[in-house]
Amino acid sequence: MAATQANDPRSIVSISKVVSVNPKLVQPQRVLPLSNLDRQCPHLMHLVFFYNNLPHQRLKDLSLNSVFCSLKSGLEDTLALWYPAAGRLWPNQSDGKLNLWCNNHGAVLAEAETSAKISQLGNLSEYNEFFEKLVYKPAFDGNFSNMPLIVAQVTKFGCGGYSIGIGTSHSLFDGPATYEFLRAWASNSEIVKGRSRSDEVPKPVHERGILLSGTLEAARETGNFPSDTSSNSKEERAMAVDHLYHLIMQTACAQKGFPLQIGTASNSKKCVLKTYHVSGAMTENLKRKHFPMQRGSFPFSTFEVLAAHLWKARSKALGVKKEKQVCLQFAVDIRNKTRPPLPKCFSGNAYVLASIMMPMGELENASHESIIEKIREAKNRVNHDYVRSYVEALEGAEQGSSLPPLKELTLVSDWTRMPFHNIQFFHGKPTYASPLATPIPQVAYFMQSPTDNNAVDVRIGLEAEHISAFNHCFLTMAS
């Protein structure tokens, strides 16, 4: 049976109710200063949770209204502690930089229904344009001050199953913080009566503290912390920023100027979002293939192996010329990298990009082992001074700006430590938690598979003309 698509008559989703949800305990209004890390991407990031295989017999008897009311009540409770989520982004009058106005304007929750059945959507791990109808998307005029920071939509399907589509502002939370927020909301939403509460969710810390501009330098100068003997003046620079600048100049020189528009991706071809299921057996085969002499357990992580393999596969599939510089950048959590470390349960953005760059010809001939070693070196280079340099480099960046896709740049974000598929809004885990299209669709997301703890689902955006070559380089060459 063909999967239901966005233009299928069965794909009509009717929204019956939209309400503003305010914190149960209203906090005094105030402005929460954001860091430059928070200001990189003020857009909403969307996830859709599908619940259609739940063991609780009463699920099909639940009314849409009762589910909606339970979610609303749970969100009110959750916003009492996570109160910035009920606020709005607000530009500073002096420099126009976005901060967070905690004004209790509320999150937005919608109720919807469709005659489609979840089984008609096909493989839920594969992106489907119909999924975009399962998240509430307020009209956006370009003014982030008018955009709610949390939006959600609960949709009842013709089969009795449900989806919960949620959008969170990336200026509000990064991935780990989003996971904790959603876990808290699910715990507070007793959709199925008598369901046991999940483990206690710790209290979040919203103050950006040491990550605010100038504070990292002050901490470096006044803190009684041991120096990083592994770093020197070159390593203290944010290599990710230097490498990105080099790629931009390389592209500009090749095009004899700047036809690429920094700040927009409107001139880029549309990406097709693809999901590749990398089984535990496939990962083991990849390790054995490239490390045949290794006995026993391998001294490197699944992330390192997959990132190295993906970089080689994508760069080859996109036909990058051997003399061009190619770059791999991946997100590194900095919660324990600063001095002092960020507070436990820090709710803001706490990641920077680590970076590796080399000529394409060198990458083609490099062994997986040598690439993994460079990945580790780049990861270990991220310390307090690297974070400081990275935050300073973002000082003059345009908020929310992005680049057109650069085929020489491979971006990876590791979500395997954020098992969104374990979040139980109902009595049981969702069948799948699917991310929707992101502002930079070319980013590869590594997600833990809900059906195999040793497997990884790789979601990546590719231009249609490169999919066949990527399939061969990523899948065939790994077997």
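These are my notebook entries on a predicted model, covering the overall make-up, two helix pairs and a few unusual backbone spots.

**Entry 1: the whole chain**

I began with the broad view. The protein has 479 residues, and 53% of them are buried. I counted up the secondary structure next and found ten helices and 15 strands. For the surface, I noted about 21000 Å² exposed, with carbon and sulfur atoms supplying 51% of that area. I also looked up how far apart in sequence the contacting residues are. Among contacts with a separation of 6 or more, 80% are between residues 24 or more positions apart.

**Entry 2: helix 1 and helix 2**

How do helix 1 and helix 2 pack, and at what angle? I located helix 1 at residues 64-81 and helix 2 at residues 175-188; their axes lie 8 Å apart, at an angle of about 125°. Angles of 65 to 115 degrees count as roughly perpendicular and those over 145 as roughly antiparallel, so helix 1 and helix 2 are oblique to each other. I noted their crossing as right-handed.

Then I went through the side that each helix brings to the contact. Helix 1 contributes Leu-71, Gly-74, Leu-75, Asp-77, Thr-78 and Leu-79. Helix 2 meets them with Phe-181, Ala-184, Trp-185 and Asn-188. Sorted by type, the residues of this contact are six nonpolar, three polar and one charged.

**Entry 3: helix 6 and helix 8**

I turned to a second pair, helix 6 (residues 302-317) and helix 8 (residues 368-381). Their axes come within 9 Å and cross at roughly 115°. That makes helix 6 roughly perpendicular to helix 8. Here, too, I wrote down a right-handed crossing.

Which residues make the contact? From helix 6 I listed Phe-303, Glu-304, Val-305, Ala-307, Ala-308, His-309, Trp-311 and Lys-312. From helix 8 I listed His-368, Ile-371, Ile-372, Ile-375, Arg-376 and Lys-379. The split for the contact of helix 6 with helix 8 is eight nonpolar, two polar and four charged.

**Entry 4: the loop between strand 10 and strand 11**

I wanted a look at the backbone in this loop, which lies between strand 10 (325-333) and strand 11 (351-359) and holds Pro-340. A cis peptide bond joins Arg-339 and Pro-340, with omega at about 0°.

Cys-345 is found in the loop between strand 10 and strand 11 as well. Its phi is positive, about 70°, although Cys-345 is not a glycine. Is Cys-345 buried, partly exposed or exposed? The relative accessible area is 24%, and buried would need under 20%, so I put Cys-345 down as partly exposed.

I then checked what surrounds Cys-345. Leaving out residues up to four places away in sequence, Cys-345 touches Pro-202, Lys-203, Pro-204 and Val-205. I also checked Cys-345 against Pro-176: the two are 169 residues apart in sequence, yet 9.0 Å apart in space, C-alpha to C-alpha.

**Entry 5: Asn-104**

My last stop was Asn-104, in the loop between strand 5 (98-102) and strand 6 (107-114). Asn-104 has a phi near 60°, a positive value in a residue other than glycine. Is Asn-104 buried or exposed? I read off 14% relative accessibility, so Asn-104 counts as buried. For my page on positive phi, then, I have Asn-104 entered as buried and Cys-345 as partly exposed.

Definitions and conventions:
Residues are numbered from 1 along each chain as its sequence is written. This is a predicted model: local features need pLDDT of at least 70, side-chain atom pairs count only at pLDDT 80 or more; totals for chains, interfaces and linings use all residues. Side-chain values use heavy atoms; hydrogens and water are left out. Axes are lines fitted to C-alpha atoms, for helices over the stretch in contact, and angles run from 0 to 180 degrees between N-to-C directions. Helices (H or I, at least four residues) and strands (E, at least two) are DSSP runs, numbered from the N terminus. Angles under 35 degrees count as roughly parallel, over 145 as roughly antiparallel, 65 to 115 as roughly perpendicular and the rest as oblique. A crossing is left-handed if the near helix is turned anticlockwise from the far one by less than a right angle, and right-handed if clockwise. Contact means heavy atoms within 4.5 Å. Ala, Val, Leu, Ile, Met, Phe, Trp, Tyr, Cys and Pro count as nonpolar, Asp, Glu, Lys and Arg as charged, and the others, Gly among them, as polar. Buried means under 20% relative accessible area, exposed over 50%, partly exposed in between (1.4 Å probe, protein chains only). Accessible areas come from the Shrake-Rupley method with a 1.4 Å probe; for residues, only the protein chains shown count as cover.
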